[in-house]
Amino acid sequence: MTDLQVATLTGLLDTAEDMSNTTAVRGRSYEDALEHSISRISGCQVQRNSLNEFKSEEVDLSVCNYREMNGLRMLPEIFLVECKNWSKPVDSMAVAYFATKIRHRGCSLGVLVAAQGVTGDPVGRTAALHQAGQSLAEGIKILLITTKDLRDLQTVPDLVDLLHRRFLDLHAAGTMTLA
């Protein structure tokens, strides 16, 4: 496990949030921030911007997780990461599409990194939270991470703990949460 390099992560997130940058620069910087963070977890290898054979679906990050002792032991060997650096919460259609990408790749887990979270009420499980709950019932798990979560990280074990807590809470709550 290597150091998180908080200054690097903060700089990437600052670039991603700077509205004077183009959408492409902000989006790439957001993906860079996630690659920077996840690649520092023991046993995780990251691949960027993978297209399916038909060039109809792109995955921002594909993660190979060797499930090492200090790493993501609770998570599956392969999972996908979708980065949404949107100025508003991610809607149900985007969550449903991400669930489809996960399914099409034969995976069971995806991490949705949504700068402003997702739409819906957690108690009523409406909008995007409903889609995440429906996906879970079909065996597709989606964890939610926000920019605030990323900014709160100080160490790699903080990230490991965050992902493990979200994974556990997904099953306990029946939909993705920010608990």
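Colleague: Which does Glu138 count as, buried or exposed?
Modeller: This is a predicted model, in which local features need pLDDT of at least 70, side-chain atom pairs count only at pLDDT 80 or more, and totals for chains, interfaces and linings use all residues. Residues are numbered from 1 along each chain as its sequence is written, while side-chain values use heavy atoms and leave out hydrogens and water. Buried means under 20% relative accessible area, exposed over 50%, and partly exposed in between, with a 1.4 Å probe and protein chains only. Because the relative accessibility of Glu138 is 52%, Glu138 counts as exposed.

Colleague: How many residues apart in sequence are the parts that Glu138 and Arg103 tie together?
Modeller: Glu138 and Arg103 form a salt bridge with closest N and O atoms 3.0 Å apart, the rule being a side-chain nitrogen of Lys or Arg within 4 Å of a carboxyl oxygen of Asp or Glu. Since Glu138 lies in the loop between helix H4 (127-137) and strand S5 (141-145) and Arg103 in helix H3 (residues 92-104), the separation in sequence is 35 residues. Helices (H or I, at least four residues) and strands (E, at least two) are DSSP runs, numbered from the N terminus. The separation asked for is thus 35 residues.

Colleague: Which residue forms a salt bridge with Asp149?
Modeller: Asp149 is buried, because its relative accessibility is 12%, and its partner is buried as well, at 3%. The closest N and O atoms of the pair are 2.9 Å apart, and the partner is Arg166.
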